[in-house]
Amino acid sequence: MNGTELSPWIALPAAALLITGGLLGLLGALGLLRLSGFYARIHAPTLGNTLGAGCVLIASILVSSAIAERPVVHEVLITLCVILSSPVTAMLLMRAAIYRDR
Amino acid sequence: MRRLTGRILLPLALLVAWLLLNDTLSFGQVLLGALFAMLISLAIRQLRPLAAQPHRLHLLFGLLWHVLLDIIRSNIAVAAVILGANRQQPNVGFITIPLDMRDPHGLAMLAVILTATPGTVWTDLSPDTNKLTLHVLDLKDEAGWIRLIKDRYERPLMEIFE
């Protein structure tokens, strides 16, 4: 951070977003534990993948833009890659489960 | 016009991705990115000759806005289900939805949208009857789900891709 002080207008929303994102990831993991059966469990980790990852990425954009003093938005690419790849794995797992149960 | 938008979208997206990765807008990088974008698009066309022909792209913004709202809403709904799972396990189940859309690119978008939204996972699409099997975490109102998916997602996708 090379000693740069973040203004509270950036630090507070970023912290709130990070906490929300972390809680969503935790909830997803909790769902994996609490729900019963594969078909219910497959839905839980999506929480951390969608809104959870989104919150962390927005926090990252806020903080790095404030530090660099210009818009830094290449985190958008991470969102894009997560959105493109995670549904594919979910669908593959689902199909594998159905094939196994048949 | 339709063919042109279909051809220009992929190189444009690749160029934007290149510039984002390098985090710059300098002239040299724009030039290099444009060159790569064109070469990769040419190579992709050999690999996958079936090109998407999207049109009425302004509809995409409304659709993506709806998807964003629905993802936030489903996050809250699924979180509530998980927190309540000690008392009551959710009522999981499959629903079958007859689809009218045939375009493979539109169907791929629909699959990604439905699976990326917490609470629903795309399971199967039968090739002959075009019926979609969808797995839902908290299945209460089956007709409501079918209406939601057909009106909110399938119709705009059909207008964009068909």
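Here is a chat between a student and a tutor about a predicted model of a complex, centred on chain B.

Student: Before we trust anything, what average pLDDT does chain B get?

Tutor: Remember that this is a predicted model, and the predictor gives the complex an ipTM of 0.85 and a pTM of 0.87. In chain B, 96% of the residues score at least 70. The average pLDDT of chain B is 88.

Student: Which element of chain B has the lowest mean pLDDT?

Tutor: At the top end sits strand S3 (residues 131-136) of chain B, with a mean of 92. Where pLDDT is low, the predicted coordinates should not be read in detail. The lowest mean in chain B is 83, and it belongs to helix H1 (residues 2-22).

Student: What order do the elements of chain B run in?

Tutor: Chain B comes to 5 helices and 3 strands. Reading from the N terminus on, the order is α-α-α-β-α-β-β-α.

Student: What radius of gyration does chain B have, next to that of a compact globule?

Tutor: A compact globule of 162 residues would come out near 15 Å. The C-alpha atoms of chain B fill a box of roughly 60 × 40 × 25 Å along the principal axes. For chain B the radius of gyration is 19 Å.

Student: How many Å separate the centres of the two domains, domain 1 and domain 2 of chain B?

Tutor: The domain assignment puts domain 1 at 2-47 and domain 2 at 58-161. Taken over C-alpha atoms, their centres are separated by 31 Å.

Student: Let's zoom in on one residue. Is B:Met101 buried or exposed?

Tutor: B:Met101 lies in the loop between strand S1 (93-98) and helix H4 (104-116) of chain B. Counting a residue as buried takes 20 or more other C-beta atoms within 10 Å. B:Met101 has 20 of them, so the call is buried.

Student: Which residues does B:Met101 touch, leaving out those up to four places away in sequence?

Tutor: Two of its contacts, B:Gly106 and B:Leu107, have numbers that fall in helix H4 (104-116) of chain B. The full set is B:Gly106, B:Leu107, B:Glu154, B:Leu157, B:Met158 and B:Glu162.

Student: And how far apart in space are B:Met101 and B:Ile113?

Tutor: In sequence, B:Met101 and B:Ile113 are 12 residues apart. From C-alpha to C-alpha, the distance is 15 Å.

Student: Moving on to H4(B), what covers its buried residues?

Tutor: H4(B) has 13 residues and reaches 18 Å, close to the 18 Å expected. Its buried residues include B:Gly106, B:Met109, B:Leu110 and B:Ile113. Part of the cover comes from the partner chain, namely H3 and H4 of chain A. From chain B itself, the cover includes helix H3 (58-83), strand S2 (120-125), S3 and helix H5 (142-161).

Student: Which element gives the largest share of the side of chain A that touches chain B?

Tutor: Across the interface, 28 residues of chain A are in contact with 26 residues of chain B. Helix H1 (8-34), helix H2 (38-41), helix H3 (46-68) and helix H4 (76-101) of chain A each supply at least two residues of that side of chain A. The largest share, 9 residues, comes from H4(A).

Student: By class, how many residues on that side of chain A are nonpolar?

Tutor: The side of chain A that touches chain B has 7 polar residues and 1 charged residue. The nonpolar count is 20.

How values were computed. Residues are numbered from 1 along each chain as its sequence is written. Chains are lettered from A and ligands numbered from 1 in the order in which they are written. This is a predicted model: local features need pLDDT of at least 70, side-chain atom pairs count only at pLDDT 80 or more; totals for chains, interfaces and linings use all residues. pLDDT is the predictor's confidence in each residue, from 0 to 100. Helices (H or I, at least four residues) and strands (E, at least two) are DSSP runs, numbered from the N terminus. A residue is buried if 20 or more other C-beta atoms lie within 10 Å of its own, exposed if 12 or fewer, and partly exposed in between; C-beta atoms are placed from the backbone. Two residues are in contact if their C-beta atoms, placed from the backbone, lie within 7 Å. The radius of gyration is taken over C-alpha atoms; the globule rule is 2.2 Å times the number of residues to the power 0.38. Ala, Val, Leu, Ile, Met, Phe, Trp, Tyr, Cys and Pro count as nonpolar, Asp, Glu, Lys and Arg as charged, and the others, Gly among them, as polar. Domain bounds come from an automatic or database domain assignment. The expected span of a helix is 1.5 Å times one less than its number of residues.
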